[in-house]
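Here are my notes on the model you asked me to look over. I have kept them as numbered points so you can follow along in your viewer.

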Amino acid sequence: MTTEQVAKQLVAYCRNNEESKAYEELYSPEITSIEMEEPMKEVQGYEGLTKKGEWWRENFEVHASKVSEPLIADNHFTVRFWMDTTHKPSGQRTQMNELAVYQVRDGKIWREQFFYNTGE
């Protein structure tokens, strides 16, 4: 797949809450996923993504989300996510914007990095 095809398919999966399909079809087994802070600051491979997804579902309830169209440059693309969530342990509800940058190699996402306000 081209970077544009990967980007458009990822956006479609995210808009339909089908992230597991994205992981199976679009991600490289050597994926590196990087967040701004712990506890899941950097994970490797499908096992790392699985643990990160489990952590997210255990800690956040998503009330609403929006996903932008991708912006593509060579083998990179970016997507803006907006989410309305409740942090389950604290009960705190917040809205956030997140910018995700993806790098594609051999038709698969092999690196993703997320940028958002950490309150610092």
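**Notes on the fold and the pocket**

1. Let's begin with the sheet. Strand β1, residues 27-34, runs parallel to β7, and four bridges join the two. If you want a residue pair to find this spot, Ile-34 sits opposite Gln-113 in β7. Keep in mind throughout that this is a predicted model.

2. Next, the other neighbour of β7. β6 and β7 pair in the antiparallel sense over seven bridges. Two facing pairs help to set the register: Val-104 stands opposite Ile-109 in β7, and Arg-105 stands opposite Lys-108 in β7. The two strands make a hairpin with two residues between them. One turn residue to click on is Asp-106, which has a positive phi of about 55°.

3. On to β5 and β6, which are antiparallel too, with 12 bridges in their pairing. Phe-81 has Glu-98 of β6 as its bridge partner. This is again a hairpin, here with four residues between the strands. In its turn, Gly-91 has a positive phi of about 80°.

4. Now the helices. Two packed helices are described by the angle between their axes and the distance between the axes. For α1 and α2, the axes come within 8 Å and cross at roughly 155°. An angle over 145 degrees counts as roughly antiparallel, so that is how α1 and α2 lie relative to each other. The crossing of α1 past α2 is right-handed.

5. A couple of backbone details are worth a look. Most residues other than glycine have a negative phi, and most peptide bonds are trans. Asn-17 is not a glycine, yet its phi is positive, at about 55°; you will find Asn-17 in the loop between α1 and α2. The peptide bond from Glu-38 to Pro-39 is cis, with omega near 15°. Pro-39 belongs to the loop between β1 and β2, the latter being residues 42-44.

6. What is the volume of the largest pocket? It comes to about 1,200 Å³. The lining counts 42 residues, and those closest to the pocket centre are Glu-35, Trp-56, Met-83, Met-96 and Glu-98. Glu-98 is a residue you have already met, as the partner of Phe-81.

7. Which elements give two or more residues to the lining of the largest pocket? On the helix side they are α1 (3-15), α2 (19-26) and α3 (45-59). The strands are β3 (60-67), β5 (76-87), β6 (92-105) and β7 (108-115). β6 provides the largest share of the lining, seven residues. That is the strand that pairs with β5 and with β7.

8. Last, the chemistry of that lining, in case you plan to look at the pocket further. Its residues divide into 19 nonpolar, 14 polar and nine charged.

Note on methods: Residues are numbered from 1 along each chain as its sequence is written. This is a predicted model: local features need pLDDT of at least 70, side-chain atom pairs count only at pLDDT 80 or more; totals for chains, interfaces and linings use all residues. Side-chain values use heavy atoms; hydrogens and water are left out. On a 1 Å grid over the protein atoms alone, a cavity is a set of points where a 1.4 Å probe fits but cannot get out, and a pocket is an open set with protein on both sides within 12 Å along at least five of seven lines; lining residues have an atom within 4 Å of a point. Grid points are joined across faces, edges and corners, and a volume is the space filled by probe spheres set on the points. Ala, Val, Leu, Ile, Met, Phe, Trp, Tyr, Cys and Pro count as nonpolar, Asp, Glu, Lys and Arg as charged, and the others, Gly among them, as polar. Two strands pair if DSSP finds at least two bridges between them. Axes are lines fitted to C-alpha atoms, for helices over the stretch in contact, and angles run from 0 to 180 degrees between N-to-C directions. Angles under 35 degrees count as roughly parallel, over 145 as roughly antiparallel, 65 to 115 as roughly perpendicular and the rest as oblique. A crossing is left-handed if the near helix is turned anticlockwise from the far one by less than a right angle, and right-handed if clockwise.
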